[in-house]
Amino acid sequence: MNNNERLYKISEIADTAKVNKTKVWRYIRDNNISERSMKGNAKLYSEHTKDVIIKAFSSESVHLATETKADTSRILLEQIDILKGELERKNDQLDKMQSLLDQQQQLNLSTNRQNEKLLDTTTNNPLSQDDIPLKSDDTDALKPTEGNYKGVDTKTPKRGLFGWLRR
């Protein structure tokens, strides 16, 4: 170790790289980088190590930003394709619905025409003998006759729980 060599703490490297101290510590741990010396509990790293770490974070951030943009673009393009497919399916459904509505209107129109023809034929033809109701039919069950009606109601008074109220 040279006495005139400058040594850096993790916090100084993190400030220079403009990242969190934890990120620098994890990078050092994951890449098995050993410290140059210790000052109390602080680990000190050489100028070369500092440059390697800073370079890793600067290239990593550029790479991550580029990769993130590419991923985002790819995801958006996939979503656009999915939405285009859904839009086509919805357009097909609308076309089918429109054709069904047209068929329904045609059926209603033909039914109305048939009903009008039937009404015209019944109004032009007078009622036949079978269609005229009989004027005097003694078999009507609603009219009382001598055999089934005496003129006096023989009702028995109702006696129930509240029979005394009806008096």
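**Figure 1. Order of helices and strands in the protein chain.** Read along the sequence, the elements of the protein chain run α-α-β-β-α. The model shown is predicted. The pattern comprises 3 helices and 2 strands. The last helix in view, α3, covers residues 47-124.

**Figure 2. Burial and contacts across the protein chain.** The protein chain has 167 residues, and 12% of them count as buried. Its exposed area is about 15,400 Å², and 53% of that area is supplied by carbon and sulfur atoms. For contacts between residues at least 6 apart in sequence, 61% join residues that are at least 24 apart.

**Figure 3. A nonpolar patch on the surface.** Met97, Leu100 and Leu101 make a nonpolar surface patch of about 300 Å². Leu101 is part of helix α3. The relative accessibility of Leu101 is 44%, so this residue counts as partly exposed; the class lies between the cut-offs of under 20% for buried and over 50% for exposed.

**Figure 4. Lys55 and Ala17.** Lys55 belongs to helix α3. Lys55 counts as exposed because its relative accessibility is 61%, and the cut-off for exposed is over 50%. Along the chain, Lys55 and Ala17 are 38 residues apart. The separation between the C-alpha atoms of Lys55 and Ala17 is 8.3 Å.

Conventions. Residues are numbered from 1 along each chain as its sequence is written. This is a predicted model: local features need pLDDT of at least 70, side-chain atom pairs count only at pLDDT 80 or more; totals for chains, interfaces and linings use all residues. Side-chain values use heavy atoms; hydrogens and water are left out. Helices (H or I, at least four residues) and strands (E, at least two) are DSSP runs, numbered from the N terminus. Buried means under 20% relative accessible area, exposed over 50%, partly exposed in between (1.4 Å probe, protein chains only). Contact means heavy atoms within 4.5 Å. Accessible areas come from the Shrake-Rupley method with a 1.4 Å probe; for residues, only the protein chains shown count as cover. Patches are made of residues with over 30% relative accessible area and no salt bridge: like charges are joined within 9 Å, nonpolar side chains (Val, Leu, Ile, Met, Phe, Trp, Tyr) within 5 Å. A salt bridge is a side-chain nitrogen of Lys or Arg within 4 Å of a carboxyl oxygen of Asp or Glu.
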